[in-house]
Amino acid sequence: MNEQEAAAALREIHGLRQGCGDERQLAALDDLATMLEQCAATPGSYLWFAGD
């Protein structure tokens, strides 16, 4: 995902946090938010996910 897509995904994190049931899920969302923020703040960057 490019920086524009990362910014859009970042806006959805708050809603996703409300649906989390445990601390592991919240920690994973926090990690994802950090990566999305870094990507969104860096023009020309991409965030790649390995696997499915």
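Colleague: With which residue does Arg 17 form a salt bridge?

Modeller: The structure is a predicted model, and it holds 1 salt bridge. In that pair the closest N and O atoms are 2.6 Å apart, and the partner of Arg 17 is Asp 30.

Colleague: How many residues apart in sequence are the parts that Arg 17 and Asp 30 tie together?

Modeller: The salt bridge joins Arg 17 and Asp 30. Arg 17 lies in helix 2 whereas Asp 30 lies in helix 3, so the pair ties together parts whose separation in sequence is 13 residues.

Colleague: Is Asp 30 buried, partly exposed or exposed?

Modeller: Its salt-bridge partner, Arg 17, has a relative accessible area of 31% and is partly exposed. For Asp 30 the relative accessibility is 39%. Because burial requires a value under 20% and exposure a value over 50%, Asp 30 counts as partly exposed.

Colleague: In what order do the elements of the chain run from the N terminus on?

Modeller: The secondary structure of the chain comprises 3 helices and 0 strands. From the N terminus on, the order is therefore α-α-α.

Colleague: Which helix gives the most residues to the largest nonpolar core?

Modeller: In soluble globular proteins, nonpolar side chains tend to be buried together. Here the largest nonpolar core has 7 residues, namely Ala 6, Ile 13, Leu 29, Ala 33, Leu 36, Cys 39 and Leu 47. With 4 residues, the greatest contribution to this core comes from helix 3.

Colleague: Which residues are in contact with Leu 29, leaving aside its neighbours within four places in sequence?

Modeller: Leu 29 belongs to the largest nonpolar core, as does Ile 13. With neighbours within four places in sequence left aside, the contacts of Leu 29 are Ile 13, Leu 16, Arg 17 and Cys 20.

Colleague: The backbone nitrogen of which residue lies 2.8 Å from a polar atom of the side chain of Asp 22?

Modeller: Asp 22 is located in the loop between helix 2 and helix 3, and at 35% relative accessibility this residue counts as partly exposed. The Asp 22 side chain reaches the backbone nitrogen of Arg 24 at 3.1 Å. The backbone nitrogen at 2.8 Å is that of Gln 25.

Colleague: How far does the backbone oxygen of Thr 42 lie from a polar atom of the side chain of Ser 45?

Modeller: Ser 45 is placed in the segment after helix 3. At 15% relative accessibility, Ser 45 counts as buried. Between the backbone oxygen of Thr 42 and a polar atom of the Ser 45 side chain, the distance is 2.6 Å.

Colleague: Which residues does Asn 2 touch, not counting those up to four places away in sequence?

Modeller: Asn 2 occupies the segment before helix 1, and at 18% relative accessibility Asn 2 counts as buried. Ser 45, for its part, is in contact with Met 1, Asn 2, Glu 3 and Cys 39, its neighbours within four places being left aside. Under the corresponding exclusion, the residues touched by Asn 2 are Cys 39, Ser 45 and Tyr 46.

Colleague: What share of the contacts with a separation of 6 or more comes from residues 24 or more positions apart?

Modeller: One contact that joins distant positions in sequence is that of Asn 2 with Ser 45. Among the contacts in the chain with a separation of 6 or more, residues 24 or more positions apart account for 55%.

Colleague: What share of the area that the chain exposes do carbon and sulfur atoms supply?

Modeller: Of the 52 residues in the chain, 21% are buried. The chain exposes about 4,000 Å², and the part supplied by carbon and sulfur atoms is 54%.

Methods
Residues are numbered from 1 along each chain as its sequence is written. This is a predicted model: local features need pLDDT of at least 70, side-chain atom pairs count only at pLDDT 80 or more; totals for chains, interfaces and linings use all residues. Side-chain values use heavy atoms; hydrogens and water are left out. A nonpolar core is a set of buried Ala, Val, Leu, Ile, Met, Phe, Trp, Tyr and Cys residues joined through side-chain atoms within 4.5 Å. Buried means under 20% relative accessible area, exposed over 50%, partly exposed in between (1.4 Å probe, protein chains only). Helices (H or I, at least four residues) and strands (E, at least two) are DSSP runs, numbered from the N terminus. Contact means heavy atoms within 4.5 Å. A polar contact is a pair of N or O atoms within 3.5 Å; within protein, one must be able to donate a hydrogen and the other to accept it, and residues adjacent in sequence count only if both atoms are side-chain atoms. Accessible areas come from the Shrake-Rupley method with a 1.4 Å probe; for residues, only the protein chains shown count as cover. A salt bridge is a side-chain nitrogen of Lys or Arg within 4 Å of a carboxyl oxygen of Asp or Glu.
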